[in-house]
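The following exercises are to be solved with the sequence and the structure at hand. Each task is followed by a solution in steps.

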Amino acid sequence: MSPTKRANKKPTTFTAEERAAMKERARELKAGDVDGTKAVLEKIASLPEPDRSMARRIHAIVLSAAPSLTPRLWYGMPAYARDEKTICLFQSGQKFKTRYATLGFSDKAKLDDGEMWPNAYALTKLTPDVEAKIAALVKKAVG
């Protein structure tokens, strides 16, 4: 490509998936107070397998481990919040075309451990051991 063509080419700042997520977040904000549980369950039902089954199980684990958290959508992803602040979320692997789903935690989660700690976990399969680890992380995250 010639320098002129390169100079005239508009840089791509966000991927199509990122732009779609931002549009979803704008719709969420515009909708205001909606039934978060209903919205999250509808979002989970719309996910392709195997993420749908995983998200259903994560939903149950999070609400069992931390019943004080409120389900909500966050950038089109099932999330769980306290006082309107997202604590954790489930990101489908298909959302950004990644090879695995992710359980992520925001900076509001109380997971601090020294000077470096994980705030997202790749999920490939939910086993009883993994489910127990998720429950423990969620309990720790809410304090």
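**Exercise 1. Determine whether Asp 107 is buried, partly exposed or exposed, and examine its salt bridge.**

Solution.
Step 1. The model is a predicted one. In this model, Asp 107 has a relative accessible area of 66%.
Step 2. A residue counts as exposed over 50%, so Asp 107 is exposed.
Step 3. Asp 107 forms a salt bridge with Lys 108, and the closest N and O atoms are 3.9 Å apart.
Step 4. This distance satisfies the criterion, because a salt bridge requires the nitrogen and the carboxyl oxygen to be within 4 Å.
Step 5. Lys 108 is partly exposed, with a relative accessible area of 42%.

**Exercise 2. State how many salt bridges the whole structure contains, and describe the one between Lys 38 and Glu 42.**

Solution.
Step 1. The search of the whole structure yields five salt bridges. In general, side chains of opposite charge can pair when their charged atoms come close.
Step 2. One of the five joins Lys 38 to Glu 42, with 3.9 Å between the closest N and O atoms.
Step 3. Both residues belong to helix α3 (residues 36-46), where they are four residues apart, or about one turn of the helix.
Step 4. Lys 38 has a relative accessible area of 48% and is partly exposed. Glu 42 is likewise partly exposed, at 48%.

**Exercise 3. Locate the salt bridge of Asp 129 and Lys 133, and classify the accessibility of each residue.**

Solution.
Step 1. The side chains of Asp 129 and Lys 133 meet in a salt bridge with an N to O distance of 3.4 Å.
Step 2. Both residues lie in helix α5 (residues 128-142); because they are four residues apart, about one helical turn separates them.
Step 3. Asp 129 has 48% relative accessibility and counts as partly exposed.
Step 4. Lys 133, with a relative accessible area of 51%, is exposed.

**Exercise 4. Trace the neighbours of strand β3, and explain why it is largely enclosed.**

Solution.
Step 1. Strand β3 covers residues 85-91, and six of its seven residues are buried; it is therefore largely enclosed by the rest of the structure.
Step 2. Strand β2 (residues 77-82) pairs with β3 in the antiparallel sense over four bridges. Among the bridge partners are Ala 79 and Leu 89, as well as Arg 82 and Lys 85.
Step 3. The hairpin of β2 and β3 has two residues between the strands, and Asp 83 takes a positive phi near 50° there.
Step 4. Strand β4 (residues 101-105) also runs antiparallel to β3, and four bridges join the two. Leu 89 stands opposite Gly 104 in β4.

**Exercise 5. Give the order of the strands in the sheet, and identify the helices that lie on it.**

Solution.
Step 1. Five strands form an open sheet with antiparallel pairing, in the order β1-β2-β3-β4-β5.
Step 2. The edges are β1 (70-74) and β5 (120-123); each has a single partner strand, so one side of each is left without a neighbour in the sheet.
Step 3. On average, neighbouring strands of this sheet are turned by 25° against each other, direction ignored.
Step 4. Helix α3 packs on the sheet and touches β1 and β2, and its direction makes about 55° with that of β1.
Step 5. Helix α5 lies across β2, β3, β4 and β5, and runs at about 25° to β4.

Key
Residues numbered from 1 in each chain as written. Predicted model: local features only at pLDDT ≥ 70, side-chain atom pairs only at ≥ 80, totals over all residues. Heavy atoms only, no water. Buried < 20%, exposed > 50% of the residue type's maximum accessible area, 1.4 Å probe, protein only. Pairing = 2+ DSSP bridges. Axes fitted to C-alpha atoms, helices over the stretch in contact; angles between N-to-C directions. Contact = heavy atoms within 4.5 Å.
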